[in-house]
Structure formats: C-alpha cells, structure tokens
Amino acid sequence: MTALDLSSPVAVVGTGTMGQGIAQVALTAGHVVRLYDTVPGRARDATAAIGARLDRLVEKDRLTAADRDAAHARLLPAETLAELADCTLVVEAVLERLDVKQQLMRDLEDIVGEDCLLATNTSSLSVTAIGAALRNPGRFVGLHFFNPAPLMPLVEVVSGFATDVTSATRAYEMSRAWGKTPVACADTPGFIVNRIARPFYAEAFAVYEAQAADPATIDAILRESGGFKMGAFELTDLIGQDVNESVTHSVWQSFFQDVRFTPSLAQRRLVESGRLGRKTGQGWYDHGDDAELPEPHTAEPAQAPAYVVVEGDMGPAADLVALIREAGIVVREEEEDHGTRMVLPGGGQLALADGQTSVEFRDVVYFDLALDYRRAGRIALSASQDTASGTLSEAIGLFQALGKDVSVIGDAPGMIVARTVARIVDLAHDAVAKGVATEEDIDTAMRLGVNYPLGPFEWSRRLGRSWAYDLLDDLHLRDPSGRYAPSLALYRHAYATEKREGTP
C-alpha cells in the first residue's frame with residue numbers, strides 16, 4: 001500500500017498552530033479533513049482560521065476561488081472523537097506530554113478501523129514510547145512537520161521501534177503526494193534536524209559566554225562568512241528562547257545528559273528573566289518598536305601588506321590565494337608544508353582556524369572558515385594578547401583589500417564558523433553510523449528544515465576527509481570535557497583509506 005487515496009478522509013487532533021497547518025496541507029492536497037480538539041468550540045474556530053488563510057491565498061493569486069470553495073466544503077469540525085471513525089489517517093498535534101498523547105492513541109484505537117494509520121507530530125517525545133500505548137503499535141509513525149507546515153517543504157517520517165515498514169512507507173508516500181519532501185528517520189532524540197542542528201546554537205552561545213564576541217558580531221559572521229540565512233541569536237529570538245531551550249534540554253536529557261548537547265547557561269538566564277525574543281519584545285536583542293539592532297564589530301581601515309608568503313597547501317582556504325593576487329598583492333609560494341598558513345611582511349603568521357589558540361604560538365592571527373571566500377562579505381579574525389599589533393593590522397588590511405568587512409574576536413579556538421561546521425559534520429557522520437538516516441536524507445533535512453547553505457556531507461566533502469576530525473581533535477585537547485571529542489564514525493571517515501577496486 002502506498003499513498004492514501006484522495007477520497008480517504010484525514011483527521012487532525014489538536015487545533016493549535018501546527019494542527020491547523022497540517023490540516024491545511026491535507027486539505028489543499030484534496031482530502032476531506034476533520035478537525036478535533038478537546039476544548040469545545042476550538043475546532044470550529046480553527047476551521048474559520050484556516051478558511052481565512054485560504055481566502056488570503058486567493059487574494060495573492062496562489063489559489064483559485066473554485067479550489068478555495070471546494071476546500072472549504074471539505075473542512076469539517078468534529079465535536080467528538082467518534083466522528084473520526086472512518087478516517088484512514090489521524091495525525092495528533094496535541095500537548096507535548098507523553099501521558100496525554102498515549103491516552104489519545106488508546107482512545108483512537110478503539111474508534112478507527114484497523115487499516116487507519118495513526119501518526120504523531122511530536123518534535124521532542126519518543127515515537128516508540130507514544131506508540132507503546134497501542135495494541136498494534138506497528139501502524140503508528142511519526143510525521144514531524146515544520147512550522148509553518150503549509151510553507152515548509154520538509155517532513156521527517158519517523159519509524160518507532162515497533163513501526164511496520166508498510167506504515168512508514170505509506171506515511172512517506174503520502175507526504176510526497178501532499179507536495180512535501182519526506183526523509184526517513186529512526187526514532188532518536190531530536191530525529192534528524194533537531195539533533196544535528198544543536199551545535200549551530202551551542203557554539204554561538206559558547207563563544208558569547210567566553211566573552212570572545214557579542215551576539216551581533218557572532219550573528220554577522222555566521223551570515224556573512226558562514227552563509228547561514230540567520231545567526232543563532234536572531235534565529236532563537238524568532239523561534240522563542242523558551243522553545244529553543246526546551247528542545248535543547250529535551251535532546252540533552254534524552255541522550256542521558258551527553259555533554260555534546262549541554263544547554264547554555266546564558267540562554268537559561270535569558271528564559272528565567274522572561275526575555276523570550278520577539279514575542280516578548282526582548283531577547284538577545286531589543287525588539288521594541290523604536291529599537292535598532294546593534295551593529296557588529298567591524299575593524300577600522302588598515303594598510304594592506306605588500307606581499308604574503310604562502311607555505312604549503314591552504315586547504316579549504318585555497319581560493320584566498322587567487323583573491324589576494326587579484327587584489328594586487330604579491331603572493332610568494334614556498335614548498336614546505338606548515339599547514340594552512342601565510343607569513344606576513346612583519347614576520348607574523350595568518351592561519352585558518354584549526355582548533356588551536358592564538359596564545360599557543362608567537363605572533364599568529366587566525367581567520368575563520370567561510371562558505372565561499374570570494375562571496376563572503378565578512379571575515380572574522382582571532383588574536384591573543386601576545387599577538388603583535390602590527391601582525392593584526394596587516395591581517396585586517398589584507399582582508400579589507402579583498403573587499404571584506406573584518407570582525408576581530410577574542411582568542412577562541414576553532415573560532416565561530418569553523419567549530420560550528422565541524423561539530424555539525426561530526427554529528428551527521430555519527431547519526432549515519434548509528435542508523436538514524438542516510439547521508440542523502442540528512443543533507444536534505446538540514447537544507448530544507450533549517451535552511452543550511454550546504455548539507456553536512458556536502459560540507460564534509462568540500463572541506464576534505466580529515467578537516468573536521470583534526471579541528472575537533474585539537475579542540476578536545478584544549479577542552480577535554482568531551483564536548484568536542486570527535487566520534488568514532490568521524491575518525492573512520494577521516495583516516496580509513498579509500499576502498500581499492502576489487503576489494504570487499
């Protein structure tokens with residue numbers, strides 16, 4: 001059995017934002033949709049709200065009036081669960097409490113037919129645990145839509161421990177028939193997106209907590225150098241600090257307080273203060289009517305060096321050599337390989353972030369990873385108190401000569417973009433090794449679910465087999481808490497030799 005026939009009625013239980021969004025997706029796909037909520041009157045209110053959104057789609061020429069009228073006729077509020085008896089799919093989007101969801105599933109199992117697919121839109125609870133309340137957990141599956149469901153293309157199709165393959169296949173094909181891009185996922189804390197996205201927030205908060213940079217500067221570096229659509233601070237203000245912290249805390253607890261997922265103390269204080277982001281008018285930033293967002297730290301103009309000496313392979317920063325030449329700066333290349341480093345006229349060194357600190361080496365400035373050095377609008381530099389002022393000035397002038405804004409941050413090993421990307425790549429490799437999802441589905445999920453410029457495996461291939469491992473290994477030596485310890489899967493990827501033709 002594949003996708004549900006459009007003649008099959010679909011039910012959504014729970015009429016909050018997600019419930020209404022999922023109902024709208026099923027409705028516009030052509031199904032009769034029944035809405036139910038335990039609070040009297042809410043289903044009718046939700047029906048009216050969905051109808052109003054369909055009206056706006058007609059006004060924007062995204063839906064014809066005829067299709068709108070037909071959809072209105074197919075959308076039916078239900079007063080009791082018994083009215084869902086003939087549905088072939090029921091999706092719950094109720095309160096994120098295990099006992100509430102389990103009781104709902106027990107009630108539904110006594111009402112719907114044996115061929116009805118039961119699904120949960122949970123983002124933080126175990127699909128296996130919810131399904132355990134059923135006599136037949138094989139027909140239970142996770143369908144994790146992203147908010148807003150009518151606009152976001154991704155759906156994580158989550159198989160619990162007891163989910164039948166046929167049920168997961170039906171859910172997968174149904175999602176595709178509804179115009180979504182489904183990815184298959186095992187039942188693991190955070191599924192794909194909320195598991196692998198944690199370092200994006202965690203590393204930004206860690207750099208802030210170490211007083212290496214302020215939120216506006218970190219956000220600007222993530223956007224203008226890393227290629228992310230939004231920085232971690234502005235994004236969590238949009239999501240809601242309480243919501244984002246709750247997901248982080250849930251994943252951390254579900255992984256038995258694994259240090260890799262440790263929540264941020266600074267974010268905890270923000271939540272405790274009631275500064276939850278845009279919805280309260282104050283979060284990391286002031287969102288009041290007259291408020292202006294703070295500007296990132298940007299270095300004053302400096303003199304560009306007359307030349308640089310490139311020693312060995314610049315690795316992921318190889319494009320910089322051509323850019324420097326195009327800017328009219330002489331590039332001298334030497335054969336010996338000292339890693340991704342350049343020597344400046346004053347004798348100081350300029351190196352790509354590698355997990356080491358500026359204080360360990362005399363007179364060195366680190367520069368951060370960029371998604372695309374040619375297109376990057378901003379480059380971050382990191383220096384310590386031992387770095388000569390002349391070396392820092394030459395480094396600033398060099399990148400300014402390439403047309404970049406420059407932000408100087410404190411002595412943060414791995415800097416911002418580099419350590420964030422390395423940790424995302426590591427969690428992705430670890431997830432594949434543990435059977436969570438395929439490389440292709442993880443890349444798809446991270447691009448569509450959180451709008452990353454590249455999937456983790458695309459990044460991994462671009463950066464080189466051992467880049468992420470080497471950077472995290474360096475960080476782990478300097479912070480042996482386990483937070484940066486690279487996974488065995490990443491080690492195998494970095495150092496396993498390519499399989500020879502004809503070998504098993």
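How many salt bridges does the count come to in this structure? The count comes to 32 salt bridges, and the model in which they were identified is a predicted one. Several of these contacts are considered below, after which the account turns to the aromatic residues and then to a sheet.

One of the salt bridges joins D99 to R97, with the closest N and O atoms 2.6 Å apart. Both partners fall into the intermediate accessibility class: D99 is partly exposed at a relative accessible area of 41%, and R97 counts as partly exposed at 42%. A second example is the salt bridge between E224 and R223, where the closest N and O atoms are 3.8 Å apart. This distance remains within the 4 Å limit applied to such pairs. E224 has 26% relative accessibility and counts as partly exposed, while R223, with a relative accessible area of 29%, is likewise partly exposed.

A further salt bridge lies within a helix. The side chains of R268 and E272 meet at 3.5 Å, taken from N to O. These residues are four apart in helix 12, so about one helical turn separates them. R268 is partly exposed, at 30% relative accessible area, and E272 is also partly exposed, at 48%. Charged residues also occur in a larger arrangement, for R195, D258, R260, D430 and K434 are linked in a network of salt bridges.

The aromatic residues offer another view of the fold. The structure holds 17 aromatic pairs. Among them is the pair of Y208 and F233, which is edge-to-face, with 5.9 Å from centre to centre and 70 degrees between the planes. Y208 belongs to helix 8 (residues 198–209) and F233 to helix 10 (residues 232–239), so that this pair links distant parts of the chain, 25 residues apart. The two rings differ in their surroundings: Y208 is partly exposed, with a relative accessible area of 30%, whereas F233 is buried, at 0%.

F233 also takes part in an edge-to-face pair with W284, at 4.8 Å centre to centre and with 85 degrees between the planes. Because F233 lies in helix 10 and W284 in the loop between helix 12 (265–272) and strand 9, the pair ties together parts that are 51 residues apart in sequence. W284 is buried, with a relative accessible area of 13%. Elsewhere, F200, Y201, F228, Y452 and W459 form one aromatic cluster.

Strand 9 leads to the sheet. This is an open sheet of seven strands with mixed pairing, in the order 10-9-11-12-13-14-15. Its edge strands, each paired on one side only, are strand 10 (330–334) and strand 15 (405–409). On average, neighbouring strands of the sheet are turned by 30 degrees against each other, direction ignored. Strand 9 (residues 307–311) pairs with strand 11 (residues 341–343) in the antiparallel sense over three bridges, and V343 in strand 11 is the bridge partner of V309. Helix 13 (residues 319–326) lies across strand 9, strand 10, strand 11 and strand 13 (364–367), and runs at about 145 degrees to strand 10.

Arginine side chains also meet aromatic rings. The charged end of R332 sits over the ring of Y307, 4.0 Å from its centre. R341 lies over the face of F361, at 5.1 Å from the ring centre.

Conventions: Residues numbered from 1 in each chain as written. Predicted model: local features only at pLDDT ≥ 70, side-chain atom pairs only at ≥ 80, totals over all residues. Heavy atoms only, no water. Pairing = 2+ DSSP bridges. Helix = DSSP H or I, 4+ residues; strand = E, 2+ residues; numbered from the N terminus. Axes fitted to C-alpha atoms, helices over the stretch in contact; angles between N-to-C directions. Contact = heavy atoms within 4.5 Å. Phe/Tyr/Trp six-rings, centres within 6.5 Å; stacked < 30°, edge-to-face > 60°. Buried < 20%, exposed > 50% of the residue type's maximum accessible area, 1.4 Å probe, protein only. Lys NZ or Arg CZ within 6 Å of the ring centre and 35° of its normal.
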